[in-house]
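Here is a friendly walk through one chain, with a few stops along the way. Keep the structure open and turn it as you read.

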Amino acid sequence: MPASVIMTLPFLKITHQKSDYKDFVEFWSDFYIFSPKDNLYSDRINKSKLTKTDIEMLFEWKNGMKVNGHIPKQASINKVVSRLAQVNKLKVQFELSYFKKHFSDISAIWQIFLLHIIQPKNYPIFDQHVYRAHIFLLDKTITEIPNHQPNKLKYYHNNYLPFFESLKSDITELRKIDLALWAFGKFLKTHYAEKLVNQNLQ
């Protein structure tokens, strides 16, 4: 019989070794799938003053496609664009109470994304995948984001923001936190995640 051929082959291995979030972020951020539209975000997110086009392009990036035809989403964008002066004022001097006064009438996830647009270093991106990832890191269960809009905002401000703040001292590239949690949360949506859950229950 021919001798076995030794090859370099890829593996993903579930381990229970003690580690820190820095290792987790470094590993999972590499699994983020960049989109051809990512420049809509990267070219604008650090601008000190935003235009109507900037807002439209940023929300198109967040939506994954143009919003045309989706009346509720377009209505939210129109509200933000019509209050562009308030957006740019908040970029100079941020006050959460002022933000809530002018933008509490848009949906929770897009309200959170607007916070991120205004203060990207202090308000991270948050969506169903990030929520799923965060819950799993806390209690090793896979749970979907609540439908109730106030509950999404409450979880973001009371639970996720403190978690994000706790990582900032060790992780200098804050965007990697977003990428890692999105990628891990997306993975948890697949049937492959069942093995990860079963491993943690043993």
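## The end of H8 and the loop after it

In this predicted model, helix H8 is followed by Lys-140, whose phi is positive, near 60°. Lys-140 is not a glycine, yet it has this positive phi. For context, most residues other than glycine have a negative phi. Lys-140 has its place in the loop between H8 and H9. Its relative accessibility is 35%, so Lys-140 counts as partly exposed.

The loop between H8 and H9 also holds Asn-147. Is Asn-147 buried or exposed? With a relative accessible area of 72%, Asn-147 is exposed. If you look for Ala-108 from here, its C-alpha atom and that of Asn-147 are separated by 9.9 Å, although the two residues are 39 residues apart along the chain.

## H8 itself

Now step back to the start of H8, where a side-chain oxygen of Asp-127 reaches to within 3.0 Å of the backbone nitrogen of His-129. The helix has twelve residues, which at 1.5 Å a residue should span 16 Å, and this agrees with the 17 Å between its end C-alpha atoms.

How much of H8 is buried? Nine of its twelve residues are, so H8 is largely enclosed by the rest of the structure. The buried residues are His-129, Val-130, Tyr-131, Arg-132, Ala-133, His-134, Ile-135, Phe-136 and Leu-137.

## The second largest pocket

Asp-127 and His-129 turn up again in the second largest pocket: together with Trp-61, Lys-62 and Trp-182, they are the lining residues that lie nearest its centre. The lining has 24 residues in total. Helices H3 (52-63), H7 (108-118), H8 (128-139), H9 (149-167) and H10 (174-188) are the elements that each give two or more residues to this lining. The pocket has a volume of about 570 Å³.

Which helix gives the largest share of the lining? That is H10, with four residues. By residue type, the lining divides into ten nonpolar, seven polar and seven charged residues.

## H10 and H3, two of the lining helices

H10 has 15 residues, and at 1.5 Å a residue these should span 21 Å; the end C-alpha atoms are 22 Å apart, which agrees. Eleven of the 15 residues are buried, so H10 is largely enclosed by the rest of the structure. Among the buried residues of H10 are Lys-176 and Asp-178, along with Leu-174, Ile-177, Leu-179, Ala-180 and Leu-181. Further along H10, Ala-183, Phe-184, Gly-185 and Leu-188 are buried too.

H3 has twelve residues, with an expected span of 16 Å at 1.5 Å a residue, and its end C-alpha atoms are 17 Å apart, which agrees. Nine of the twelve are buried, so H3 is also largely enclosed by the rest of the structure. The buried set consists of Asp-54, Ile-55, Met-57, Leu-58, Phe-59, Glu-60, Trp-61, Lys-62 and Asn-63. It therefore includes Trp-61 and Lys-62, both named above among the residues nearest the pocket centre. Just after H3, Gly-64 takes a positive phi of about 85°.

## Gln-111 in H7

Another lining helix, H7, contains Gln-111. At 6% relative accessibility, Gln-111 counts as buried, the cut-off being under 20%. What does the side chain of Gln-111 find there? One of its polar atoms lies 3.2 Å from the backbone oxygen of Ile-106.

Leaving aside residues up to four places away in sequence, Gln-111 touches Phe-99, Phe-103, Ser-104, Ile-106 and Leu-153.

## The whole chain

Finally, zoom out. The chain has eleven helices and zero strands, and read along the sequence it follows the pattern α-α-α-α-α-α-α-α-α-α-α. The C-alpha trace spans about 75 × 35 × 35 Å along its principal axes.

Of the 202 residues in the chain, 43% are buried. Among contacts between residues at least 6 apart in sequence, 65% join residues at least 24 apart.

Conventions:
Residues are numbered from 1 along each chain as its sequence is written. This is a predicted model: local features need pLDDT of at least 70, side-chain atom pairs count only at pLDDT 80 or more; totals for chains, interfaces and linings use all residues. Side-chain values use heavy atoms; hydrogens and water are left out. On a 1 Å grid over the protein atoms alone, a cavity is a set of points where a 1.4 Å probe fits but cannot get out, and a pocket is an open set with protein on both sides within 12 Å along at least five of seven lines; lining residues have an atom within 4 Å of a point. Grid points are joined across faces, edges and corners, and a volume is the space filled by probe spheres set on the points. Ala, Val, Leu, Ile, Met, Phe, Trp, Tyr, Cys and Pro count as nonpolar, Asp, Glu, Lys and Arg as charged, and the others, Gly among them, as polar. Buried means under 20% relative accessible area, exposed over 50%, partly exposed in between (1.4 Å probe, protein chains only). A polar contact is a pair of N or O atoms within 3.5 Å; within protein, one must be able to donate a hydrogen and the other to accept it, and residues adjacent in sequence count only if both atoms are side-chain atoms. Contact means heavy atoms within 4.5 Å. The expected span of a helix is 1.5 Å times one less than its number of residues.
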